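Subject: Structure for you to look through

Dear colleague,

Please find the structure below, followed by notes on what turned up in it. It may help to keep the view open while you read.

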Amino acid sequence: MSTAMQSTMVYLTPQQKQGLELRAQERGTKVAAEIRNAIDAYLAGITPQELEMLDVATRRAEQDIKEMIAMVDATNARIAKRHAAMQRLRRGAKG
């Protein structure tokens, strides 16, 4: 279900406009989407401090997940190596 958009004009300082453009570029979105997201957060009663805390927590979780994936990949590599060694030993025992 799509929502019809209404156009409105917002006056921004050059710093606000530049910050929005940078944020949109970093997130791969449009400035309009960033403005809508900010308005949604404001209307939901989410404070900038809460958003910052969520952002920090999300970035930390992302880093933790990457580290866990690396550990699992390393473990899987060790298991595969040992499995291959066992297979070679079994083939040698049969011959």
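Does Ile39 count as buried, partly exposed or exposed, and at what relative accessibility? Before the reply, please keep in mind that this is a predicted model. Ile39 is a residue of helix 2, and it counts as partly exposed because its relative accessibility is 43%, which lies between the 20% under which a residue is called buried and the 50% over which it is called exposed. Together with Tyr42 and Leu43, Ile39 forms a nonpolar patch on the surface, and the accessible area of these residues together is about 390 Å².

Helix 2 itself runs over residues 31-43, and its 13 residues reach 18 Å from the first C-alpha to the last, close to the 18 Å expected at 1.5 Å a residue. The residues of helix 2 that are buried are Ala33, Glu34 and Ala41. These buried residues cover an arc of only 100 degrees around the axis, and therefore they sit on the same side of helix 2. They pack against helix 1 and helix 3, whereas Tyr42 and Leu43, on the other side of helix 2, are exposed. After helix 2 comes Gly45, which has a positive phi, near 85 degrees.

Helix 1 can be described in a similar way, for it covers residues 14-27, and its 14 residues reach 20 Å from the first C-alpha to the last, close to the 20 Å expected at 1.5 Å a residue. Just after helix 1, Gly28 takes a positive phi, of about 70 degrees.

Next come the charged side chains. As background, side chains of opposite charge can pair when their charged atoms come close. A search of the whole structure finds six salt bridges, and a few of them are described here.

Within helix 1, Glu21 forms a salt bridge with Lys17, and their closest N and O atoms are 3.7 Å apart. Glu21 and Lys17 are separated by about one helical turn, because they are four residues apart in helix 1. It is useful to recall here that an α-helix has 3.6 residues a turn, so residues three or four places apart point the same way. Glu21 is partly exposed, with a relative accessible area of 39%, and Lys17 also counts as partly exposed, at 37% relative accessibility.

In helix 3 there is a salt bridge between Arg59 and Asp55, whose closest N and O atoms are 3.0 Å apart; both residues lie in helix 3, four residues apart, or about one turn of the helix. Arg59 counts as exposed at 53% relative accessibility, while Asp55 is partly exposed, with a relative accessible area of 25%. Elsewhere, salt bridges that share partners join Arg23, Arg27 and Glu34 into one network. One of the links is that between Glu34 and Arg27, with the closest N and O atoms 3.6 Å apart. Glu34 counts as buried, at 5% relative accessibility, whereas Arg27 is partly exposed, with a relative accessible area of 45%.

A last residue to find in the view is Thr75, in helix 3, which covers residues 48-94. Thr75 is partly exposed, with a relative accessible area of 31%. The C-alpha atoms of Thr75 and Tyr42 are separated by 45 Å, and along the chain these residues are 33 residues apart.

With best wishes

Key: Residues are numbered from 1 along each chain as its sequence is written. This is a predicted model: local features need pLDDT of at least 70, side-chain atom pairs count only at pLDDT 80 or more; totals for chains, interfaces and linings use all residues. Side-chain values use heavy atoms; hydrogens and water are left out. Helices (H or I, at least four residues) and strands (E, at least two) are DSSP runs, numbered from the N terminus. Buried means under 20% relative accessible area, exposed over 50%, partly exposed in between (1.4 Å probe, protein chains only). The expected span of a helix is 1.5 Å times one less than its number of residues. The arc is that of the directions from the helix axis to the C-beta atoms. Contact means heavy atoms within 4.5 Å. Patches are made of residues with over 30% relative accessible area and no salt bridge: like charges are joined within 9 Å, nonpolar side chains (Val, Leu, Ile, Met, Phe, Trp, Tyr) within 5 Å. Accessible areas come from the Shrake-Rupley method with a 1.4 Å probe; for residues, only the protein chains shown count as cover. A salt bridge is a side-chain nitrogen of Lys or Arg within 4 Å of a carboxyl oxygen of Asp or Glu.
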